[in-house]
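Welcome, and thanks for taking a look at this one. Below is a short briefing to read alongside the model, arranged by topic.

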Amino acid sequence: MLYASAWLPGGGESRRSLGHRDRERAIREGAALLKARSRIEARGAFPGAPLTLADLFARYGREARTLPDGSLKTDAYLRHITATGQALAKCFGPDCVVEDLRPDRIHAYVVWRRNGGLTGKPVGGNTIQRDLGMFKAVLNWACQRYEGQHPLLTGHVMQNFRIPGEKD
C-alpha cells in the first residue's frame, strides 16, 4: 500500500493511505494535490503561524478596545489585560502556543498562582478567578476574530474549564 504524507502548519505531519499500489497513479495524484494546495495557499486559505500567548494578548490589547455595546474599555481593564497576559506568559512562557494548552496546564497555573508564583506572595481565589475570567474572555475573542477566512482560534482549553471559586 502507498501513502501520502504532508506537513500541516500548526498540525504536524498528516499521513494517509492512497488505497492502491500503483506508483505512476500515486505520482499523478501527488502532483495534483500539490497544485491544488498551492492554489489554496495563494488565496490565503491556510492559517499562518501558530498563535502564541504573547501574540494573543498583544493583539487583544490593540484590537479589542471596545465593549460589545461600543463603549470604550477603561484604562484599569486594559492594564488588567496586560497583567494577566504577563502572568500567563511567566508561567507558560511567552512562546507557548495557545492551542497546545490543556486543562492540566491551566490547573498547574492555578496552583502556581495560588502559591505566589508571580510575585512571591500567595494570592486568593478571587485573584485567580479574575485572571482565568480574563483569559477566557481573550480566548473567546480570538474564536470570533477572523484573519481572512479563518478565526484566530477554532476552540480553546477554557471552553469546558470550570473556574475555581473562592474558598478562603
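Of the 168 residues in the protein, 30% are buried. Please keep in mind that this is a predicted model. The protein has five helices and four strands, and their order along the sequence is β-β-α-α-α-α-α-β-β.

**Overall organisation**

- Two strands come at the start of the pattern, five helices follow, and two more strands finish it.
- Among the contacts in the protein with a separation of 6 or more, 53% join residues that are 24 or more positions apart.

**Helix α2 against helix α5**

- Helix α2 spans residues 53-63 and helix α5 spans residues 125-144; the two pack with their axes 10 Å apart, at an angle of about 80°.
- That angle lies in the 65 to 115 degree range, so α2 is roughly perpendicular to α5.
- On the α2 side, the contact is made by Leu53, Leu56, Phe57, Arg59, Tyr60 and Glu63.
- On the α5 side, the partners are Phe135, Ala137, Val138, Leu139, Trp141 and Ala142.
- Sorted by class, this contact of α2 with α5 holds ten nonpolar and two charged residues, with no polar ones.

**Helix α3 against helix α5**

- The axes of α3 and α5 cross at roughly 95° and come within 10 Å.
- The pair is therefore described as roughly perpendicular, α3 to α5.
- From α3, the residues in the contact are Tyr77, His80, Ile81, Thr84 and Leu88, while α5 brings Arg130, Asp131, Met134 and Phe135.
- The contact of α3 with α5 divides into five nonpolar, two polar and two charged residues.
- Phe135 of α5 takes part in this contact with α3 and also in the contact with α2.

**Helix α3 against helix α4**

- Helix α3 (residues 75-92) and helix α4 (residues 103-114) have axes 11 Å apart and pack at an angle of about 105°.
- Here too the angle means that α3 and α4 are roughly perpendicular to each other.
- Ala87, Leu88, Lys90, Cys91 and Phe92 make the contact from α3, and Arg105, Ile106, Tyr109, Trp112 and Arg113 make it from α4.
- By class, the contact of α3 with α4 consists of seven nonpolar and three charged residues, and no polar residue is included.
- Leu88 of α3 appears in this contact with α4 as well as in the contact with α5.

**A closer look at Ala108**

- Ala108 sits in helix α4.
- Is Ala108 buried, partly exposed or exposed? Its relative accessibility is 39%, so Ala108 counts as partly exposed.
- Ala108 and Cys91 are 17 residues apart along the chain, and their C-alpha atoms are separated by 8.9 Å.

**The second largest pocket**

- The second largest pocket holds about 210 Å³ of space.
- It is lined by 14 residues, of which Ala4, Ser5, Ala6, Gly30 and Leu33 are the closest to its centre.
- Strand β1 (3-8), strand β2 (12-17) and helix α1 (23-43) each supply at least two residues of the lining of the second largest pocket.
- Which element gives the largest share of that lining? Helix α1 does, with six residues.
- What is the chemical make-up of the lining of the second largest pocket, by class? There are seven nonpolar, three polar and four charged residues.

Notes:
Residues are numbered from 1 along each chain as its sequence is written. This is a predicted model: local features need pLDDT of at least 70, side-chain atom pairs count only at pLDDT 80 or more; totals for chains, interfaces and linings use all residues. Side-chain values use heavy atoms; hydrogens and water are left out. On a 1 Å grid over the protein atoms alone, a cavity is a set of points where a 1.4 Å probe fits but cannot get out, and a pocket is an open set with protein on both sides within 12 Å along at least five of seven lines; lining residues have an atom within 4 Å of a point. Grid points are joined across faces, edges and corners, and a volume is the space filled by probe spheres set on the points. Ala, Val, Leu, Ile, Met, Phe, Trp, Tyr, Cys and Pro count as nonpolar, Asp, Glu, Lys and Arg as charged, and the others, Gly among them, as polar. Axes are lines fitted to C-alpha atoms, for helices over the stretch in contact, and angles run from 0 to 180 degrees between N-to-C directions. Angles under 35 degrees count as roughly parallel, over 145 as roughly antiparallel, 65 to 115 as roughly perpendicular and the rest as oblique. Contact means heavy atoms within 4.5 Å. Buried means under 20% relative accessible area, exposed over 50%, partly exposed in between (1.4 Å probe, protein chains only).
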